[in-house]
Amino acid sequence: MGISKTYKGTAVSEGYGIGKAVVIKEAELDYSGVKFSGADNECKRLDDAVNRYTGETKALIESLKKEAGEKNAEILEGHLVMLADPFMIGQMKENITSSSMTAEKAVAEVCGMFYTMFSSTDDELTRQRATDVNDIKNSLLKILLGIEEVDIARVPKGSVLIASDFTPSMTSKIDSQNVEAIIGEVGGVTSHSAIIARAMGIPCILGVKDADNVFTSGESLVVDAVKGVVIACPSEDEIKKYTELKEQEKQERLLLKEYINKPTVTKNGITKAVYANIAKAEDVHSAVVNGAEGIGLFRTEFLYMDRTEAPSEDEQFEAYSTVAKAMGGKEVIIRTLDVGGDKHIPYLQIEKEDNPFMGLRAIRYCLKNTELFKTQLRALLRAACFGNIKIMLPLVCTVDEVLRAKMLLGECKAELESKGVQFKKDIKLGIMVETPAAVFVSDELAAVTDFFSIGTNDLTGYTMAADRGNREVSYLYDSNNPAVLKAIETVIKNAKNAGIPVGMCGEAAADADMIPRLIKWGLDEFSVSSSAILKTRKIICEYE
């Protein structure tokens with residue numbers, strides 16, 4: 001055992017982890033150093049790569065059919081159909097023999113040609129094939145270059161995942177049963193990797209400089225996601241100490257279990273509610289187990305990730321109705337597609353922006369892409385027949401945005417009615433208040449919406465003009481800053497004056513320092529990660 005070394009970061013999901021490092025690096029598909037080895041050999045290398053890709057993809061298709069349904073499997077089947085096109089492989093071999101290209105360059109050039117051809121068409125379905133071509137190209141290049149990628153979904157038990165940045169689609173693949181902790185360089189307390197880690201109850205430290213280079217896969221690590229410390233090559237004493245802390249933490253969680261079915265009522269008799277934030281339908285189980293009184297935020301963008309086309313109306317209906325049924329009549333607030341910013345979904349083809357957080361995202365994107373939006377709205381209207389579903393619009397800044405969304409919702413109702421499809425006619429429509437603009441006109445917005453939910457993650461960032469993932473300005477990113485507190489108080493006051501309920505689904509809803517203020521100001525509902533439900537309820541119940 002070597003000498004232990006300590007690294008500092010920011011603890012964003014509390015807890016302790018002891019395990020083996022699994023370092024995930026973004027593969028560099030650089031083939032500039034590969035030498036041409038003769039046309040016959042390069043053609044053989046290409047054939048071998050195609051055969052391996054085909055075999056692996058067929059196996060994955062069978063696995064997906066069992067785990068994710070036929071629809072997701074169809075996407076990969078489309079990859080195989082495309083690769084079986086004699087022209088595609090024939091053109092690659094032609095480039096090899098006539099231009100003395102390596103197999104890598106032939107793959108890149110031919111796939112690049114197909115990508116340009118597909119992406120320049122006016123037909124949406126054809127444009128989506130450009131993403132498929134890119135996937136094929138990257139997969140073949142990785143095989144040819146001998147790059148083996150880590151399968152996040154199948155890491156061994158006791159793994160500590162390490163990456164420079166954990167994208168939302170990466171974190172959505174994590175199996176909490178096998179992952180002891182998460183370490184990353186990019187992101188802060190309210191980054192999506194942190195939010196998902198908390199939802200899964202996985203200890204997480206972000207802001208560890210050069211994380212994917214300072215650690216080596218297989219080395220022993222201790223993760224203290226209370227103090228924000230990672231210990232590489234821990235001593236026996238350190239392992240013993242943190243094993244005891246883990247056990248102590250487990251006992252504390254057991255003590256909190258008395259709050260599972262306890263009403264959320266303060267000592268002076270004020271009734272509140274603790275809801276859960278979820279990212280996918282399967283997360284509802286954890287919400288129910290921890291005694292959530294409702295779902296305050298269902299982040300639907302995760303339904304759209306890690307695939308090559310948008311989920312169909314029926315797929316979405318299944319996900320939303322599953323959650324509604326599981327909650328047995330309790331409120332389920334479902335946020336419409338919140339894409340853009342740091343949530344990039346290639347097939348949606350959002351143009352690159354200099355400042356995406358201020359650009360075409362969330363409700364702005366949906367109002368510009370009405371067919372995509374209406375597919376989701378119809379699914380929500382149908383699913384609402386199976387429980388108490390409410391629709392929530394993200395990043396609203398103006399009354400006009402709400403009115404335009406209501407108009408589209410009306411169109412969806414008319415379409416479903418004309419087809420004789422059952423739907424909920426009086427579904428509630430609310431908004432997330434997460435911009436200063438929405439705060440300033442919250443009295444006007446309250447007149448056209450059924451409820452508010454304060455999204456403190458974005459509200460804090462926009463109010464303080466501070467990027468939540470930037471370590472250099474992290475001192476400004478604070479939901480307890482007087483400016484943010486004044487904004488929150490204003491929103492609650494205007495909701496109360498209008499007689500509509502107001503909740504909070506940002507991370508501040510679980511902040512022990514913030515909760516007493518929120519109770520005093522009259523916040524109705526605190527929506528937190530499932531792992532924080534009982535602790536939040538305990539704090540509220542002890543308030544007097």
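At the N-terminal end of helix H19 (residues 482–498), a side-chain oxygen of Asn481 comes to within 2.9 Å of the backbone nitrogen of Ala483, a polar contact in the sense of a pair of N or O atoms within 3.5 Å, where within protein one must be able to donate a hydrogen and the other to accept it, and where residues adjacent in sequence count only if both atoms are side-chain atoms. The structure is a predicted model, in which local features need pLDDT of at least 70 and side-chain atom pairs count only at pLDDT 80 or more, while totals for chains, interfaces and linings use all residues. Residues are numbered from 1 along each chain as its sequence is written, and side-chain values use heavy atoms, with hydrogens and water left out.

Helix H19 has 17 residues and spans 24 Å from its first C-alpha to its last, close to the 24 Å expected at 1.5 Å a residue, the expected span being 1.5 Å times one less than the number of residues. Helices (H or I, at least four residues) and strands (E, at least two) are DSSP runs numbered from the N terminus. Among the residues of H19, Val484, Leu485, Ala487, Ile488, Val491, Ile492, Asn494 and Ala495 are buried, that is, under 20% relative accessible area, with exposed meaning over 50% and partly exposed in between (1.4 Å probe, protein chains only). Just after the helix, Gly499 adopts a positive phi of about 75°.

An open sheet of eight strands follows the order E1-E8-E7-E3-E4-E5-E6-E2 with mixed pairing, two strands being paired if DSSP finds at least two bridges between them. Its edges are formed by strand E1 (5–8) and strand E2 (10–13), each of which pairs on one side only. E1 is joined to strand E8 (residues 229–232) by four bridges in an antiparallel arrangement, with Lys5 opposite Ala232. Ala232 of E8 also stands opposite Leu221, and E7 and E8 pair in the antiparallel sense over four bridges. These two strands form a hairpin with four residues between them, where Gly228 in the turn has a positive phi of about 80°. E7 is further joined to E3 by five bridges, again antiparallel, with Lys20 opposite Ser220 of E7. Four of the five residues of E7 are buried, so this strand is largely enclosed by the rest of the structure. Helix H9 (residues 236–256) lies across strand E3 (16–24), strand E5 (179–184), strand E7 (220–224) and E8, running at about 110° to E3; axes are lines fitted to C-alpha atoms, for helices over the stretch in contact, and angles run from 0 to 180 degrees between N-to-C directions.

A closed barrel of eight strands runs E9-E10-E11-E12-E13-E14-E15-E16 with parallel pairing, and its neighbouring strands are turned by 30° against each other on average, direction ignored. Within the barrel, strand E12 (residues 388–393) and strand E13 (residues 428–433) are parallel and joined by four bridges, with Ile391 opposite Leu429. Helix H12 (residues 313–326) packs on this sheet, touching strand E9 (273–278), strand E10 (295–299), strand E11 (331–335) and E12, and its direction makes about 160° with that of E10.

The largest nonpolar core, a set of buried Ala, Val, Leu, Ile, Met, Phe, Trp, Tyr and Cys residues joined through side-chain atoms within 4.5 Å, has 93 residues, of which Ile295, Ile389 and Phe452 have the most contacts inside it. Beyond its neighbours within four places in sequence, Ile389 is in contact (heavy atoms within 4.5 Å) with residues including Tyr320, Ala324, Val332, Ile334 and Leu380. A second, separate core of 28 residues includes Met92, Val110, Phe114 and Leu144.
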